[in-house]
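Visitor: Please show me the structure. Then I will put some questions about it.

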Amino acid sequence: MKLIKLLSVIVIFTVIPSNAQNTAEETVNAFFEALNAKDVAKIENLCLDNLVLNSLSASGESAKLNQQDLEGFLHSLKQMPETLKIKEVITKTKSRDDDYIAHFWLEYEFYVNDKLSHEGVNSITLLKGANGWKISAITDTRISEK
């Protein structure tokens, strides 16, 4: 009986810390790793079901606002050809967080097939719930020279 209790305590204390190590920053980093790999399942797991993605694309004097929900965002990733290589490189990071909410301001460059496509800023909000940190909103600018 003592052995069972001891094993139970060991299991509990080896499982709980792995969840506790899930920080907001780790979630954001995992999101960009998944984005660059076009890993739709991983992105879906990192985001809240009601995620809102707002993108402002600007080129010269024109600007266009696009809004997507999680389903639309994942669909657009699924539609990308496997041969298309994407990579978002974070160039500067600012963050602020407390126990249950975090916000990241990330300057970035976006490459398509190793060629700079555009650059901008990501504003990412995360909330911490029973399942750890999840991305609740992403707002970005997409600035191109064209």
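Visitor: In what order do the elements run from the N terminus on?
Guide: This is a predicted model. The chain has four helices and six strands. From the N terminus on, the order is α-α-α-β-β-α-β-β-β-β.

Visitor: What share of the residues of the chain counts as buried?
Guide: A residue is buried when its relative accessible area is under 20%. The chain has 146 residues. The share that counts as buried is 32%.

Visitor: How many salt bridges does a search of the whole structure find?
Guide: Side chains of opposite charge can pair when their charged atoms come close. One pair here is Lys-85 with Asp-114, at 2.8 Å from N to O. Another is Asp-140 with Arg-142, at 2.9 Å between the closest N and O atoms. The search finds two.

Visitor: How many residues apart are Lys-85 and Asp-114?
Guide: Their salt bridge links distant parts of the chain. Lys-85 lies in the loop between helix H4 (70-78) and strand E3 (86-97). Asp-114 lies in the loop between strand E4 (101-112) and strand E5 (115-129). The separation is 29 residues.

Visitor: Is Asp-114 buried or exposed?
Guide: Exposed means over 50% relative accessible area. Its partner Lys-85 has 42%, so Lys-85 counts as partly exposed. Asp-114 has 58%, so Asp-114 is exposed.

Visitor: Is Asp-140 buried or exposed?
Guide: Arg-142, its salt-bridge partner, is partly exposed at 29% relative accessibility. Asp-140 has 5%, and the cut-off for buried is under 20%. Therefore Asp-140 counts as buried.

Note on methods. Residues numbered from 1 in each chain as written. Predicted model: local features only at pLDDT ≥ 70, side-chain atom pairs only at ≥ 80, totals over all residues. Heavy atoms only, no water. Helix = DSSP H or I, 4+ residues; strand = E, 2+ residues; numbered from the N terminus. Buried < 20%, exposed > 50% of the residue type's maximum accessible area, 1.4 Å probe, protein only. Salt bridge = Lys/Arg side-chain N within 4 Å of Asp/Glu carboxyl O.
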